[in-house]
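Student: I am new to this structure and would like to understand how each label attached to it is justified. Could we go through the labels one at a time?

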Amino acid sequence: MLKEKNNAVHSRAYRLVRAGVVEETMLEHPVPAGHVVVEPSLGSICHADLRYFTGQRRPEAMARKLPMALIHEGIGFVVQSGDSRLTPGQRVVIVPNLPGYLLEGKTAESCCPVCREGLGDNYCTRGRFLASGTDGIAQNRLVVPAACAVPVPDDIPDEIAVLSELCSVSYQALSKVGERLSRARAAVFGDGPVGFLTAAMLHHVYGLGGDRLQVFGAMPEKLNEFGFADRALVQNYDFGNSPGVDIAVECTGGRFSESAVNQAIELLNPGGILILMGVTEERVPINTRDVLEKGITLIGSSRSTSDDFIQVLQAMRSQECQATLRQLLPERYENVSAVEHFIEAMNEAASHREWKKKILSFQW
């Protein structure tokens, strides 16, 4: 039940206090002007959540960011609104990237040097990100700037909308090379959810099909899901003697980053662009000789902005796009009405790294 006091709300939160240990606690959130209160309804577990939950982040990061409610991919309903464009009961996607100027009620020009230079909300030095040092979606009342609660069109079902955060991260990365994608050949390295959704955005937003889109992976059963692209197993592919690509996107992360990055460098045409999206805790050796000889540009990209969500939600209105995205959905959701259910779902996700997403249905 919503409790209000002096323009604040009390929230029932499932907070990670140390690796593998989650406790239920009550938080009090102020509700500044221009903010909305959202009740999360669906959440999706990300590998980033699992790295915190299993203690795979560096000890100093764990010590600095905990205790903290996890989950940054989710949708919900507006409970209380300080913005006339959003009304109670409205279904919204939660944008986890909270720029400092929105949090503080300022203009971007008066926020920080990054915002003043127009370099993008992703890099705002005064911003926060849900479930990364700031309490995330695993709570029954979430307070965010109104711009970070994006309305979901009526023709997009909940189970598709909950995938919009990960799609928006892919869209953000691809938008950096959007002008070249009308004619370029592209390759995606990674057959997991990030690779799948990046390839889906290339196909459904930028119109790349099997003639211009190549996906590389290591698991035949996963690659089979990429029916809209040409596919190849990295173990069997001759990167040095195959047609090159103009843009490559690395979506592997972890211990596979090194091989994927260097295979992409080998495959790229002169003047090509390599977008790095995979996250790893370790440093990755890179073949700088070929980067120099080919004049390759490396672009790092993670997270996304409200504008990216708006573009992705428009793409999701397509029935063809929805059909593609449904391939990532599980047969059942994890109902979460108590902290024990949340812990069980996190342990299950950590123990069985399935290809499909783990979706949480919050029953507050």
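Tutor: Let us begin with a term: a salt bridge is a side-chain nitrogen of Lys or Arg within 4 Å of a carboxyl oxygen of Asp or Glu. The model is predicted, so local features need pLDDT of at least 70 and side-chain atom pairs count only at pLDDT 80 or more, while totals for chains, interfaces and linings use all residues. Residues are numbered from 1 along each chain as its sequence is written, and side-chain values use heavy atoms, with hydrogens and water left out.

Student: What makes the contact between Glu104 and Lys106 a salt bridge?

Tutor: The side chains of Glu104 and Lys106 meet at 3.0 Å, N to O, and the cut-off asks for a nitrogen within 4 Å of a carboxyl oxygen, so the pair qualifies. Glu104 also meets Arg126 in a salt bridge, again with 3.0 Å from N to O. Glu104 lies in the loop between α3 (100–103) and α4 (113–116), and Arg126 in the loop between α4 and β8, so this second pair ties together parts that are 22 residues apart in sequence. Helices (H or I, at least four residues) and strands (E, at least two) are DSSP runs, numbered from the N terminus. Glu104, Lys106 and Arg126 are thus linked in a network of salt bridges.

Student: Why is Glu104 called partly exposed?

Tutor: Buried means under 20% relative accessible area and exposed means over 50%, with partly exposed in between (1.4 Å probe, protein chains only). Glu104 has a relative accessible area of 34%, so it falls in the class in between. Lys106, at 35%, is partly exposed, and Arg126, with a relative accessible area of 38%, is partly exposed as well.

Student: Which salt bridge has buried partners, and how many salt bridges are found in the whole structure?

Tutor: A search of the whole structure finds 13 salt bridges. One of them joins the side chains of Arg15 and Asp135 at 2.9 Å, N to O. Arg15 lies in strand β1 (residues 8–18) and Asp135 in the loop between β8 (128–129) and β9, so the pair ties together parts that are 120 residues apart in sequence. Arg15 is buried, and so is Asp135.

Student: Why is β1 described as largely enclosed, and how do you know which strands β1 pairs with?

Tutor: Eight of the 11 residues of β1 are buried, so the strand is largely enclosed by the rest of the structure. Two strands pair if DSSP finds at least two bridges between them. There are 10 bridges joining β1 to β2, which run antiparallel, and two bridges joining β1 to β4, also antiparallel; both counts satisfy the rule of at least two. Ala8 has Pro30 in β2 as its bridge partner, and Arg15 has Ala69 in β4. The result is an open sheet of three strands in the order β2-β1-β4.

Student: What makes β2 and β4 edge strands?

Tutor: Each of β2 and β4 (68–69) pairs on one side only. Strands β1 and β2 also form a hairpin with two residues between them, and Gly20 in the turn has a positive phi of about 80°.

Student: How do you know that Cys111 and Cys124 are not bonded?

Tutor: A disulfide is a covalent bond between the sulfur atoms of two cysteines. The label requires a pair of cysteine sulfur atoms within 2.5 Å. The sulfur of Cys111 is 3.6 Å from the closest cysteine sulfur, in Cys124, and this is too far for a bond. Cys148 is in no disulfide either, as the nearest cysteine sulfur, that of Cys124, is 11 Å away. The structure therefore holds zero disulfides under that cut-off.

Student: Are Cys111 and Cys148 buried or exposed?

Tutor: Cys111 counts as buried at 7% relative accessibility, and Cys148 is buried with a relative accessible area of 0%.
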